[in-house]
Amino acid sequence: MTTDFTVRSARPADAGRLAALRWTFKQEDHEGRPPTPARPTEEAEHWIRDRLRDGRWLAWVAETEGEICGHVFLCPVERMPEPYEDNNPVGYVTNYFVLPSRRDKGAGTAP
């Protein structure tokens, strides 16, 4: 079954939802065990908001039924100038995540 997804650039206003998804994503890596000591999502929310606002990081979200259900982040990495090659930035792609209930339904290939 395919679900309709919308993909768009993330906005600073999305930071709260993105932080919550980040915590869900990382808990999968740790088999659902809570961090010790517990860390609130507000730290991640502020971090994400600041970086989306000033352009240090870019992110895209997948939405379905009006809810963000997935994301991917890109950090452009500036390169030093050199005489033989261009110095276009390279990108560090990270944090690709889709909620388990929305996986295998087309979010990764949505336009």
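Asn95 sits in strand β4, residues 90–98 (strands are DSSP runs of E with at least two residues, helices are runs of H or I with at least four, both numbered from the N terminus). Its phi is positive, about 60°, although Asn95 is not a glycine. Asn95 is also buried, at 8% relative accessible area (buried is under 20%, exposed over 50%, partly exposed in between, with a 1.4 Å probe and protein chains only). This is a predicted model, so local features need pLDDT of at least 70 and side-chain atom pairs count only at pLDDT 80 or more, while totals for chains, interfaces and linings use all residues. Residues are numbered from 1 along each chain as its sequence is written, and side-chain values use heavy atoms, with hydrogens and water left out.

**The chain as a whole**

- The protein chain has two helices and four strands, and reading along the sequence gives β-α-α-β-β-β.
- Along its principal axes, the C-alpha trace spans about 50 × 40 × 25 Å.
- Of the chain's 111 residues, 32% count as buried.
- Take the contacts with a separation of 6 or more: 56% of them come from residues 24 or more positions apart (contact means heavy atoms within 4.5 Å).
- About 7,600 Å² of the protein chain is exposed, and carbon and sulfur atoms supply 53% of that (areas come from the Shrake-Rupley method with a 1.4 Å probe; for residues, only the protein chains shown count as cover).
- On the charge side, there are 15 positive and 18 negative charges, and their mean positions are 4 Å apart.
- For that tally, Lys and Arg are positive and Asp and Glu negative, with His and the chain ends not counted; each charge is placed at NZ of Lys, CZ of Arg, CG of Asp or CD of Glu.

**Helix α1**

- Helix α1 covers residues 15–29, and its 15 residues should span 21 Å at 1.5 Å a residue, which agrees with the 21 Å between its end C-alpha atoms (the expected span is 1.5 Å times one less than the number of residues).
- Its buried residues are Ala15, Leu18, Ala19, Leu21 and Phe25.
- Looking down the axis of α1, those buried residues fall within an arc of 165°, so they line one face of the helix (the arc is taken over the directions from the helix axis to the C-beta atoms).
- As background, an α-helix has 3.6 residues a turn, so residues three or four places apart point the same way.
- The packing partners of the buried α1 residues are α2 (42–54), β2 (58–64), β3 (67–77) and β4.

**Two arginines on α1**

- Arg17 belongs to helix α1 and is partly exposed, at 30% relative accessibility.
- Beyond its neighbours within four places in sequence, Arg17 is in contact with Glu67, Ile68 and Leu99.
- Arg17 and Cys69 are 52 residues apart along the chain, with 9.1 Å between their C-alpha atoms.
- Arg22 is in helix α1 too, and counts as partly exposed with a relative accessible area of 28%.
- Setting aside neighbours within four places in sequence, Arg22 is in contact with His71 and Asn95, the latter being the buried β4 residue from the top.
- From Arg22 to Phe97 is 75 residues in sequence and 8.2 Å in space, C-alpha to C-alpha.

**Helix α2 and the loop before it**

- Pro40 lies in the loop between α1 and α2 and is partly exposed, at 49% relative accessible area.
- Pro40 and Asp54 are 14 residues apart in sequence, with their C-alpha atoms 23 Å apart.
- Helix α2 has 13 residues and reaches 18 Å from its first C-alpha to its last, close to the 18 Å expected at 1.5 Å a residue.
- Ala44, Ile48, Arg51 and Leu52 are buried in α2.
- Seen down the α2 axis, its buried residues fall within an arc of 100°, so they line one face of the helix.
- Those buried α2 residues pack against α1, β2 and β3.

**Other positive phi values**

- Most residues other than glycine have a negative phi.
- Asp104 has a positive phi of about 60° although it is not a glycine.
- Asp104 is in the segment after β4 and counts as exposed, at 81% relative accessibility.
- Glu31 follows α1 and has a positive phi, near 50°.
- Gly55, just after α2, takes a positive phi of about 80°.
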